[in-house]
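Dear colleague,

Please find the structure below, handed over for your examination. My findings follow it.

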Amino acid sequence: MTRGPLILTRREVAGLLSLDDCIEAVEAAFCALALGRVPRPGVLGMPVNEGGFHIKAALLDRGRSYCVVKTNGNFPRNRERHGLPTIQGVIVLCDAADGSPLAIMDSIEITTLRTGAATAVAAKYLARPGDTVVAICGCGNQGRVQLRAVSRVRPVSRVYAWDAIAEAAHRFAREMEGELGVPVVPIEELRRATPDTNLWVTCTTSRKAFLGPEQVAPGSFIAAVGADSEEKQEIEVDLLAASAIVADVLEQCATIGDLHHAIAANRLRREDVRAELGEVVAGTKPGRRSEEEIIVFDSTGTAIQDVAAAAVVYERALERSAGIRVDLCS
């Protein structure tokens, strides 16, 4: 029998990992992190012209001990300039007991799904149960997954869709209204969503904050997803300073998330962050304290999500004999 890692394409990954399974795996992984059952995940950033690379690594025990190292390139102008995805990369999954490479898989599907999964987990624990109106800021592929993820944990009744490119918002509205069976309204100004929206998701590549306190009603939950490098920013510092902050991983958020802009402006300190998401899931720190407070989930994307999702993909691939095995040592 051929030894070596499985090679899994994006299409194969998509067939092996459902959004619901990803949400379940990511929630459990955040809890394990908060309880100290796994080491803190690591990240390394390498900026280049008009983009950058990040390398993220984490360990997770699911009965078998796994290590993931993900290398992603993030180039916001790729689609318009080269006809390529904004994010491209690979995930290497290894056996953490002996170092053997188990799988090499495309990273796009996992990155997209695990990012949406983190928002779903955060909304489950931090959004008010009765809130059903969602505003999606950023109507690309990630915006679609974010809306699907929120709909898994909240009964969505109406959606507002905003994008810097108006046609993208209109296309998103047509597609997602048909898929979810609820009104999806494209808007050109965010203030149109303000009166009845309490669930916000920002998933853009913006380098300038666009969501401020005048647009967000008391009691709202905001998943700030787009800022995953020092240059990116979606949430105004004044809004962050007036909100309760829950981080995916505090060290990352303080370095590359929206939080780091508020720290740089001397409006917040690391100590002001209420909790990490895993601590809320595990019950070791509080989530929402009142019906009126605004909660911002600063979601920079962590390798604990990647290893949780990649492990599910690998286990399913073994069950279904998916992928091809390559002996890299031959």
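In this predicted model, eight strands make up an open sheet with parallel pairing, and their order is 9-8-7-10-11-14-12-13. The edges are occupied by strand 9 (184–187) and strand 13 (275–276); each has a single partner strand, so one side of each is left without a neighbour in the sheet.

At one of these edges, strand 9 pairs with strand 8 (residues 158–162) in the parallel sense, over four bridges. Tryptophan 162 has isoleucine 187, in strand 9, as its bridge partner. Helix 6 (residues 166–180) packs on the sheet and touches strand 7 (133–137), strand 8 and strand 9. The direction of helix 6 makes about 180° with that of strand 9.

A further helix, helix 4 (residues 108–126), lies across four strands of the model: strand 10 (199–202), strand 11 (221–224), strand 12 (244–247) and strand 14 (295–298). Helix 4 runs at about 160° to strand 11.

I also looked at isoleucine 87, which lies in strand 5 (residues 87–95). Is this residue buried or exposed? Isoleucine 87 has a relative accessible area of 26% and is therefore partly exposed, as the buried class requires a value under 20% and the exposed class one over 50%. Apart from neighbours within four places in sequence, isoleucine 87 is in contact with Asn72, Gly73, Asn74 and Ile108. Its C-alpha atom is separated by 24 Å from that of arginine 40, which is 47 residues apart from isoleucine 87 along the chain.

With kind regards

Technical notes: Residues numbered from 1 in each chain as written. Predicted model: local features only at pLDDT ≥ 70, side-chain atom pairs only at ≥ 80, totals over all residues. Heavy atoms only, no water. Pairing = 2+ DSSP bridges. Helix = DSSP H or I, 4+ residues; strand = E, 2+ residues; numbered from the N terminus. Contact = heavy atoms within 4.5 Å. Axes fitted to C-alpha atoms, helices over the stretch in contact; angles between N-to-C directions. Buried < 20%, exposed > 50% of the residue type's maximum accessible area, 1.4 Å probe, protein only.
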